[in-house]
Amino acid sequence: MINNTIKSAKFKLSQHKVQGETSTLSIFQVAKLMDMIKIGEEQSQKETTNILFSLN
C-alpha cells in the first residue's frame with residue numbers, strides 16, 4: 001500500500017514537471033507530495049529492517 005502511494009506521488013510530480021507553468025498543482029500540493037514520498041520511503045526501509053531483524 002505504501003508503494004502504491006509513493007508511485008502515485010512520483011507520477012503526479014513527474015506530470016507536474018512536464019506541464020511546467022500549466023500545471024494545476026499548487027506549491028502546497030507539490031510539497032505534500034514530496035513529503036509523502038520521503039515519509040513513505042522511510043517507512044518502507046523501516047519495515048524491511050524490521051523483517052530482517054525478526055528473521056534472525
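**Two faces of helix 1 and a link to helix 2**

In this predicted model, helix 1 has a face turned away from its buried side, and that face carries the exposed residues Asn 4, Lys 7, Phe 11 and Val 18. The buried residues of the helix include Ile 6, Ala 9 and Leu 13. These three cover an arc of only 70° around the axis, which puts them on the same side of helix 1. A simple rule helps here: an α-helix has 3.6 residues a turn, so residues three or four places apart point the same way.

The length of helix 1 can be checked as well. The helix runs over residues 2-19, and at 1.5 Å a residue its 18 residues should span 26 Å. The C-alpha atoms at its ends are 26 Å apart, which agrees with that expectation. Just after helix 1 comes Gly 20, which takes a positive phi of about 65°.

Attention now turns to charged side chains. Side chains of opposite charge can pair when their charged atoms come close. The structure holds 1 salt bridge, in which the side chains of Glu 41 and Lys 10 meet at 3.2 Å, N to O. Lys 10 lies in helix 1 and Glu 41 in helix 2 (residues 27-55), so the pair ties together parts that are 31 residues apart in sequence. How exposed are the two partners, Glu 41 and Lys 10? Glu 41 has a relative accessible area of 34% and is partly exposed, while Lys 10, at 43% relative accessibility, also counts as partly exposed.

Definitions and conventions. Residues numbered from 1 in each chain as written. Predicted model: local features only at pLDDT ≥ 70, side-chain atom pairs only at ≥ 80, totals over all residues. Heavy atoms only, no water. Helix = DSSP H or I, 4+ residues; strand = E, 2+ residues; numbered from the N terminus. Expected span 1.5 Å × (residues − 1). Buried < 20%, exposed > 50% of the residue type's maximum accessible area, 1.4 Å probe, protein only. Arc of directions from axis to C-beta. Salt bridge = Lys/Arg side-chain N within 4 Å of Asp/Glu carboxyl O.
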